[in-house]
Amino acid sequence: MTTIGHVILSVSNWECSSAFYDKLLLSLGFVINHEIEGDWGKGRSYKCGEHGIWIQHNADAKYAGFVRNPGLDHLCLKVSSRQEVDAAHVLVRSLGAKVTIAPKDFPEYAPGYYAFNFRDPDGIPLEVGVY
């Protein structure tokens, strides 16, 4: 059986993005399980069960704005209930993130699919949903 081991998101501002992802991912049940730092920059791994998400900042990089096509369209974080979707929406709004689609039902994708979409501090598109 093959699974996705981890996803790494490059961030342009370590302080801003690490604070954002700490609040978001820890509230969704992830834990910080590894951190690295060196002359090259910093990285942090968040783990929930077998799923890993890293954020990474390269100190020497000249970051440009996020480009959606081609490449990542969005990353969905799956939760267990509509209440968790709504709580994540409240948290994301309190962090000042841009919500691009408010929580709603998406029956065209799957029965019971309920989700919202938003952007991280670098504009990376994210979703929290239950299905």
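**Exercise 1. Which residues lie nearest the centre of the second largest pocket, and how many residues line it?**

Solution. The model is a predicted one.
Step 1: the lining of the second largest pocket consists of 14 residues.
Step 2: those nearest its centre are Arg 68, His 74, Ile 101, Asn 117 and Glu 127.
Step 3: strand S6 (99-105), strand S7 (114-119) and strand S8 (125-130) each contribute at least two lining residues.
Step 4: sorted by class, the lining of this pocket holds seven nonpolar, three polar and four charged residues.
Step 5: the volume of the second largest pocket is about 190 Å³.

**Exercise 2. Describe the largest pocket and its lining.**

Solution.
Step 1: its volume is about 410 Å³.
Step 2: the lining comprises 18 residues, with Phe 30, His 51, Ile 53, Cys 76 and Leu 77 closest to the centre.
Step 3: at least two lining residues come from each of strand S4 (51-58) and strand S5 (75-78). S5 gives the most, with four residues.
Step 4: the lining of the largest pocket contains 11 nonpolar, four polar and three charged residues.

**Exercise 3. Find the salt bridges and state which residues form a network.**

Solution.
Step 1: the count is three salt bridges.
Step 2: Asp 22 and Arg 44 pair through their side chains at 3.0 Å, N to O. This pair joins distant parts of the chain, since Asp 22 sits in helix H1 (residues 14-27) and Arg 44 in strand S3 (residues 41-48), 22 residues apart.
Step 3: Arg 44 also forms a salt bridge with Glu 35, at 2.7 Å, N to O.
Step 4: Asp 22, Glu 35 and Arg 44 are thus linked in a network of salt bridges.
Step 5: Arg 82 and Asp 105 form a salt bridge at 2.6 Å, N to O. Here too distant parts of the chain are linked: Arg 82 belongs to helix H2 and Asp 105 to strand S6, 23 residues apart.

**Exercise 4. Classify Arg 44, Glu 35, Arg 82 and Asp 105 by relative accessibility.**

Solution.
Step 1: the cut-off for buried is under 20%, and partly exposed lies between that and 50%.
Step 2: Arg 44 is buried because its relative accessibility is 10%.
Step 3: Glu 35, at 47%, is partly exposed.
Step 4: Arg 82 is partly exposed at 38%, and Asp 105 is partly exposed at 41%.

**Exercise 5. Is His 89 buried or exposed, and what does it contact?**

Solution.
Step 1: His 89 lies in helix H2 (residues 82-94).
Step 2: its relative accessibility is 13%, so His 89 counts as buried.
Step 3: setting aside neighbours within four places in sequence, His 89 contacts Val 99, Pro 103 and Phe 116.

Methods. Residues are numbered from 1 along each chain as its sequence is written. This is a predicted model: local features need pLDDT of at least 70, side-chain atom pairs count only at pLDDT 80 or more; totals for chains, interfaces and linings use all residues. Side-chain values use heavy atoms; hydrogens and water are left out. On a 1 Å grid over the protein atoms alone, a cavity is a set of points where a 1.4 Å probe fits but cannot get out, and a pocket is an open set with protein on both sides within 12 Å along at least five of seven lines; lining residues have an atom within 4 Å of a point. Grid points are joined across faces, edges and corners, and a volume is the space filled by probe spheres set on the points. Ala, Val, Leu, Ile, Met, Phe, Trp, Tyr, Cys and Pro count as nonpolar, Asp, Glu, Lys and Arg as charged, and the others, Gly among them, as polar. Buried means under 20% relative accessible area, exposed over 50%, partly exposed in between (1.4 Å probe, protein chains only). Contact means heavy atoms within 4.5 Å. A salt bridge is a side-chain nitrogen of Lys or Arg within 4 Å of a carboxyl oxygen of Asp or Glu.
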